[in-house]
Amino acid sequence: METSDAAVVRRVLDGDVEAFSILVERYYDHYVRFAAHLVGNREDAEEVVQDTFLRAYRALGRYEERERFGAWMLRILVNRARTVSAMGRRREKMFPEQIDETLPEAAEAHPAERAALREEVTRALTQLGPDQREAFLLHYVEGLSYEEMSAVTGSGISALKMRVKRSCERLREILQGVNRV
Amino acid sequence: MSDRLPARDPLVAMIAELREPVAVDPGSKRRLMDMVREAPPPVPAVARAAPHRPRSQTVAAIRRMRGDGPRATSFGTFATAAGIALLMVVGTREPSPTDSGAVRRAVVIGDSVASVASAFRDTLRIVQFILTAPAASRVALAGDFNGWDTRATQLARANGDGRWSVTLALAPGRHSYAYVVDDTQWVRDPVGTPAEPNELTPPKSVLVVEKE
């Protein structure tokens with residue numbers, strides 16, 4: 001049985017609700033990671049991702065196969081993350097103990113160094129503005145082209161390039177400042 | 001594709017860290033699928049291709065209906081309000097033990113077009129028909145909307161729970177229908193309104209699709 005995203009969407013639209021779980025398994029973990037970096041904590045991230053999947057399910061009839069399903073979902077997710085961030089319901093950020101439970105420990109050769117890196121990365125990211133953080137993550141972590149980012153965010157390509165450039169400059173300042181201490 | 005960074009750039013280690021997988025609450029996907037099963041089914045694109053009024057005409061009509069006049073200038077605000085108002089449910093009684101394992105529901109779940117405003121008065125409505133028949137091999141829906149053709153509208157089986165469903169775009173009005181199980185057994189909808197008995201026709205049910 002064909003299991004491409006488009007084929008799964010067609011099955012769901014034909015009444016096979018359970019087929020939607022294929023898409024959940026395929027994208028859920030990845031989106032939680034992205035949303036956690038975007039909104040700053042895993043609790044909000046899971047809420048954003050759940051809401052994203054529910055909205056995507058309801059709107060599945062509007063999905064057009066010429067667009068990558070992952071990019072279509074990402075557009076919904078980014079909008080939800082913006083809303084949650086703007087609401088600022090949970091102000092606490094990812095403190096080191098939360099990061100410890102967020103990331104797997106089994107593969108860590110040097111847990112203390114790894115934990116320090118996580119803390120440094122998280123704090124650097126939270127010092128960016130929302131637009132810059134979103135652009136940086138989409139481009140460098142999710143690997144989207146500027147054209148894809150424009151489709152996901154609704155922003156122009158030149159504005160996105162500027163956000164990425166400034167976010168890189170700011171992050172280098174933060175990281176190098178930390179390393180000098 | 002993202003721009004390549006020099007290997008010694010401090011961002012390289014940061015990006016690698018950000019790409020590490022995160023641990024996810026193991027029950028979260030199950031809870032999500034529970035919510036998906038409870039949610040109204042998505043509206044197929046084919047149904048959204050139904051004819052609709054031009055937007056400007058519809059908005060004008062709505063203003064008249066609501067008596068808002070020129071002040072009602074927010075199309076988005078209207079669409080949201082109308083979307084809530086247009087949702088309705090017909091015959092959603094939970095199955096009783098006397099239903100002998102066959103639960104049939106016809107549910108009007110929304111409008112047939114993407115623009116809620118365009119569906120205000122006289123467009124099609126989306127109706128979902130659900131039959132729980134675990135032992136069935138095939139289930140069809142026959143009614144006046146498909147010329148009582150027992151092969152025209154097949155229900156799709158959902159995995160595991162014995163439910164069969166199909167979603168149709170129906171014009172507002174009174175419709176007669178029945179399920180046809182395994183090509184031979186005509187089944188009336190016990191939770192819908194039964195049609196008047198007629199010795200010459202199979203048992204039927206009646207569904208009234210409201211305009212709004």
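These are brief notes on the predicted model, taking chain B, its contact with chain A, and one helix of chain A in turn.

1. Overall make-up of chain B. Chain B contains five helices and nine strands, and their order from the N terminus is α-α-α-α-α-β-β-β-β-β-β-β-β-β. Of its 212 residues, 31% count as buried. Among the contacts in chain B with a separation of 6 or more, 62% are accounted for by residues 24 or more positions apart.

2. Contact between the chains. On the side of chain B, 37 residues are in contact with 45 residues of chain A. At least two residues of that side come from each of α1 (10-18), α2 (28-38), α3 (45-48) and β5 (163-170) of chain B. Sorted by class, the side of chain B that touches chain A comprises 25 nonpolar, five polar and seven charged residues.

3. Helix α1 of chain A. Which residues are buried in helix α1 (residues 5-13) of chain A? They are A:V8, A:V9, A:V12 and A:L13. When the helix is seen down its axis, the buried residues of α1(A) fall within an arc of 140°, and they therefore line one face of the helix. As general background to such a pattern, an α-helix has 3.6 residues a turn, so residues three or four places apart point the same way.

4. The residue that follows the helix. Just after α1(A), the backbone at A:G15 takes a positive phi of about 110°, a point that a colleague inspecting this part of chain A may wish to find in the structure above.

Conventions:
Residues numbered from 1 in each chain as written. Chains lettered and ligands numbered in written order. Predicted model: local features only at pLDDT ≥ 70, side-chain atom pairs only at ≥ 80, totals over all residues. Contact = placed C-beta atoms within 7 Å. Helix = DSSP H or I, 4+ residues; strand = E, 2+ residues; numbered from the N terminus. Nonpolar A, V, L, I, M, F, W, Y, C, P; charged D, E, K, R; others polar. Buried ≥ 20, exposed ≤ 12 C-beta atoms within 10 Å, placed from the backbone. Arc of directions from axis to C-beta.
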